[in-house]
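Hi everyone, thanks for making time for this. I'd like to walk you through a structure that may be new to you, so let's put it on the screen.

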Amino acid sequence: MAKKHSEGYLSGKESRRISKENRKITSQLEKQHKRKNVPESEYLTQMHNPNNAVEFDNLHSYFFTDAGTVKAVDGVTFDVPIGKTVGVVGESGCGKSVTSLSLMQLLQRPQGQIVEGEIRLNLGDKAYDITKVPTERMQTLRGNYMSMIFQEPMTSLNPVFRIGAQVDEVIALHDKDGLSKEDIKARTIKLLEMVGIANSEGVYRMYPHELSGGMRQRVMIAMALACSPKIIIADEPTTALDVTIQAQILDLLRNLKDQINSSIMLITHDLGVIAEMADYVVVMYAGRVVEKGTAEEIFANPSHPYTIGLMASKPVVGKKVDKLYSIPGKVPNPINMPNYCYFKDRCEMCVEGCSGAYPREISLSPTHKVSCYRYYDRKAGE
Ligand SMILES: Nc1ncnc2c1ncn2[C@@H]1O[C@H](COP(=O)(O)OP(=O)(O)O)[C@@H](O)[C@H]1O
Ligand SMILES: [Mg+2]
């Protein structure tokens, strides 16, 4: 069967060749993950800054699909300081979820793999490189040191078990103190109260379908908090909720963070959410960080044309406009990224040099970094 080799189409033969190659790469990586009794020394590492809970360092996470390699995360570097909230923002498909799933080692395997870089997790007395931790050991890290709140609570709760039983199970699974059944129930009730569920005894006996979306998200947050993790990843935690409930859940997260002194990695496409919650902001585009800084820096002085575009496309109370700005064009195909700035084809602020290689990171301040040719004339930061 002859097929045209126009862009986006593969012949059967080509597709088979790709999938054979993929299998070779992924089965080798899987073997690494599945090893038993790996000595800890193989995945011990040093935090570059002991005040960070997590450090992503040049992370590359790819999906080896039959259509080609999807470079979903392609060299991402940023820190999550202890006790702070880091907002990760960018449009759909830019690699936000893949970044957080890499930290949890929950990429869809075998096709999804971390192929390069380090993720350093601070355990207090030592640090692990998550990219090297074997699957076996990972199970004790999830829940105890990090946990995740997903976008859609209904798909994360089991519809056939009561709320109480599901939260109990999480506590029992990570229990190190040998709690009795009653102790566990008491902890569950306390957790449900902590996340603002008034009728906690009643909710303990309810099924997920008996709760509203906001209540279910509160239960998910209770489960995430069950083992006082050092880092909580909230992946679009309010996207499925309506605005009033959204505000309540954000308030809840903010209050809880202060009570338990965890770090939060808050993933969202909503700049409004970031403005309310984040201490630091990381702006992602097409699998890369294009700009990062403190929340003040990013909101007062957005510097990458993409960040500027995001800001301009957000409605502002009290400002009348005929039409909201929208960034022209679309994201490049992640299987076939250009070898120049990924944003160039959509950029309305191009300067000389933009057709050169992908721009390096420029320091606008010790915390504010941007990858863009517009700032190449700055003296290397500081
Ligand atoms: N299981 C998968 N298989 C293949 N490609 C995937 C898979 N999961 C995500 N991707 C791709 O990775 C890129 C980043 O996705 P994601 O991190 O989910 O984006 P978002 O920023 O919206 O969370 C997208 O191009 C997406 O199509
Ligand atoms: Mg996502």
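Let's begin with one pair of residues: L121 has Y128, in strand β6, as its bridge partner. And please keep in mind as we go that this is a predicted model.

That pair belongs to a pairing of two strands. β5, residues 112-122, and β6, residues 127-129, run antiparallel to each other and are joined by three bridges. Now zoom out a little. These two strands are part of an open sheet of five, and if you read across it, the order is β1-β6-β5-β2-β3, with antiparallel pairing. Which strands stand at the edges? They are β1, at 44-45, and β3, at 68-81; each has a single partner strand, so one side of each has no neighbour in the sheet.

Two helices pack on this sheet. Helix α1, residues 12-34, touches β2 (52-65), β3 and β5, and its direction makes about 145° with that of β2. Helix α2, residues 96-104, also touches β2, β3 and β5, but here the angle with the direction of β2 is about 110°.

Stay with α2 for a moment, since it brings us to the ligand. Ligand 1 is surrounded by 16 residues, and the closest are F63, A72, K96, S97 and V98. The elements that give two or more residues to this shell are β2, β3 and α2. Which of the elements gives the most? That is α2, with three residues.

Now for the other sheet I want to show you. This one is open too, with eight strands in the order β7-β8-β9-β4-β10-β11-β13-β12, and its pairing is mixed. β7 (146-149) and β12 (361-363) are the edge strands, pairing on one side only. On average, neighbouring strands here are turned by 20° against each other, ignoring direction. For a closer look, take β8, residues 231-235, and β9, residues 263-268: they run parallel and are joined by five bridges. Within that pairing, A234 stands opposite L266 of β9.

L266 comes back when we turn to the interior. The largest nonpolar core has 85 residues, and L266 is among those with the most contacts inside it, along with A222, I231, M265, V282, V283 and Y285. Helix α8, residues 213-225, supplies the largest share of this core, eight residues. The core also draws at least three residues from each of domain 1 and domain 2.

Let me pick out Y285 from that list. Beyond its neighbours within four places in sequence, Y285 is in contact with G90, C94, V290, Y306, Y342 and F343.

I mentioned two domains, so here is where they lie. The domain assignment gives domain 1 as 10-82 + 107-132, and domain 2 as 305-316 + 323-379. Taken over C-alpha atoms, their centres are separated by 26 Å.

One last stop: R162, which sits in the loop between α4 (153-156) and α5 (163-173). Is R162 buried, partly exposed or exposed? It counts as partly exposed, because R162 has 16 C-beta neighbours inside 10 Å. Leaving out residues up to four places away in sequence, R162 touches R205, M206 and Y207. R162 and Y207 are 45 residues apart along the chain, yet their C-alpha atoms are separated by 4.5 Å.

That's my tour, and I'm happy to go back to any part of it with you.

Technical notes:
Residues are numbered from 1 along each chain as its sequence is written. Chains are lettered from A and ligands numbered from 1 in the order in which they are written. This is a predicted model: local features need pLDDT of at least 70, side-chain atom pairs count only at pLDDT 80 or more; totals for chains, interfaces and linings use all residues. A nonpolar core is a set of buried Ala, Val, Leu, Ile, Met, Phe, Trp, Tyr and Cys residues joined through C-beta atoms within 7 Å. A residue is buried if 20 or more other C-beta atoms lie within 10 Å of its own, exposed if 12 or fewer, and partly exposed in between; C-beta atoms are placed from the backbone. Helices (H or I, at least four residues) and strands (E, at least two) are DSSP runs, numbered from the N terminus. Domain bounds come from an automatic or database domain assignment. Two residues are in contact if their C-beta atoms, placed from the backbone, lie within 7 Å. Two strands pair if DSSP finds at least two bridges between them. Axes are lines fitted to C-alpha atoms, for helices over the stretch in contact, and angles run from 0 to 180 degrees between N-to-C directions. A residue is near a molecule or strand if its C-beta atom, placed from the backbone, lies within 6 Å of it.
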